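Student: I've got a model open in the viewer and I'd like to learn how to read it. Could you walk me through it?

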Amino acid sequence: MFGLFKKTSELEKLQKQYEKLLAESHKLSTTNRSASDKKVAEAQLILEQIEILSSK
């Protein structure tokens, strides 16, 4: 209940975005391989940002 008004941190937002991109990539992997590879590349960039934020 106390978590209702808690703002999400930048790290949590990036993690959600990373998971979303990987899920989209997985769906696309069966139909459009190049689009899937683009989503993986985007997810990799997000992962690098996550690593930078978590090391601070």
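Tutor: Sure. Keep in mind that this is a predicted model. Let's begin with a pair inside one helix: aspartate 37 and arginine 33 sit four residues apart in helix α2, so about one helical turn separates them.

Student: What do aspartate 37 and arginine 33 form?

Tutor: A salt bridge, with the closest N and O atoms 3.5 Å apart. The idea is to look for a side-chain nitrogen of Lys or Arg within 4 Å of a carboxyl oxygen of Asp or Glu. Then check how open each partner is: aspartate 37 is partly exposed, at 39% relative accessible area, while arginine 33 is exposed, at 55%.

Student: How many salt bridges does the rule give here?

Tutor: The count comes to two. In the other pair, the side chains of lysine 39 and glutamate 24 meet, with 2.9 Å from N to O. That pair links distant parts of the chain, with lysine 39 in helix α2 (residues 33-55), glutamate 24 in helix α1 (residues 10-28), and their positions 15 residues apart.

Student: Are lysine 39 and glutamate 24 buried or exposed?

Tutor: In between. Buried means under 20% relative accessible area and exposed means over 50%. Lysine 39 has 22%, so it counts as partly exposed, and glutamate 24 is partly exposed too, at 25%.

Student: Which residue here would show me what buried looks like?

Tutor: Try serine 25, which has 7% relative accessibility and so counts as buried. Serine 25 is in helix α1. To see what surrounds a residue, skip its neighbours within four places in sequence and list what remains; for serine 25 that leaves contacts with Ser36, Lys39 and Val40. Lysine 39 turns up again there, the residue that also bridges to glutamate 24.

Student: Now the helices themselves. At what angle do α1 and α2 pack, and how far apart are their axes?

Tutor: Compare the N-to-C directions of the two axes, then look at the spacing between them. Here the angle is about 160° and the axes are 8 Å apart. Angles over 145 degrees count as roughly antiparallel, so α1 and α2 are roughly antiparallel to each other. The residues of their contact divide into 13 nonpolar, five polar and five charged. As for handedness, the crossing of α1 and α2 is left-handed.

Student: Which residues of α1 and α2 meet?

Tutor: On the α1 side they include Leu11, Leu14, Tyr18, Leu21, Leu22 and Leu28. Among those they meet in α2 are Val40, Ala43, Ile46, Leu47, Ile50 and Leu53. Charged residues take part as well, including Glu10 and Glu24 in α1 and Arg33, Lys39 and Glu42 in α2.

Student: Can we zoom in on tyrosine 18? What is it in contact with?

Tutor: Use the approach we took for serine 25. Leaving aside neighbours within four places in sequence, tyrosine 18 is in contact with Ala43, Ile46, Leu47 and Ile50. Tyrosine 18 lies in helix α1 and has 21% relative accessibility, so it counts as partly exposed.

Student: How far is tyrosine 18 from lysine 39, in space and along the chain?

Tutor: Their C-alpha atoms are separated by 9.6 Å, while the two residues are 21 residues apart along the chain. It helps to read both distances side by side. Take glutamine 49, whose place is in helix α2: glutamine 49 and leucine 11 are 38 residues apart along the chain, with 8.6 Å between their C-alpha atoms. Glutamine 49 is partly exposed, at 40% relative accessible area.

Student: What does glutamine 17 look like when read that way?

Tutor: Glutamine 17 and aspartate 37 are 20 residues apart in sequence and 16 Å apart in space, C-alpha to C-alpha. Glutamine 17 is found in helix α1 and counts as partly exposed, at 39% relative accessibility.

Student: And how far is glutamate 48 from serine 9?

Tutor: They are 39 residues apart in sequence, with 16 Å from C-alpha to C-alpha. Glutamate 48 is in helix α2, and its relative accessible area of 39% makes it partly exposed.

Note on methods
Residues are numbered from 1 along each chain as its sequence is written. This is a predicted model: local features need pLDDT of at least 70, side-chain atom pairs count only at pLDDT 80 or more; totals for chains, interfaces and linings use all residues. Side-chain values use heavy atoms; hydrogens and water are left out. Helices (H or I, at least four residues) and strands (E, at least two) are DSSP runs, numbered from the N terminus. Buried means under 20% relative accessible area, exposed over 50%, partly exposed in between (1.4 Å probe, protein chains only). Contact means heavy atoms within 4.5 Å. Axes are lines fitted to C-alpha atoms, for helices over the stretch in contact, and angles run from 0 to 180 degrees between N-to-C directions. Angles under 35 degrees count as roughly parallel, over 145 as roughly antiparallel, 65 to 115 as roughly perpendicular and the rest as oblique. A crossing is left-handed if the near helix is turned anticlockwise from the far one by less than a right angle, and right-handed if clockwise. Ala, Val, Leu, Ile, Met, Phe, Trp, Tyr, Cys and Pro count as nonpolar, Asp, Glu, Lys and Arg as charged, and the others, Gly among them, as polar.
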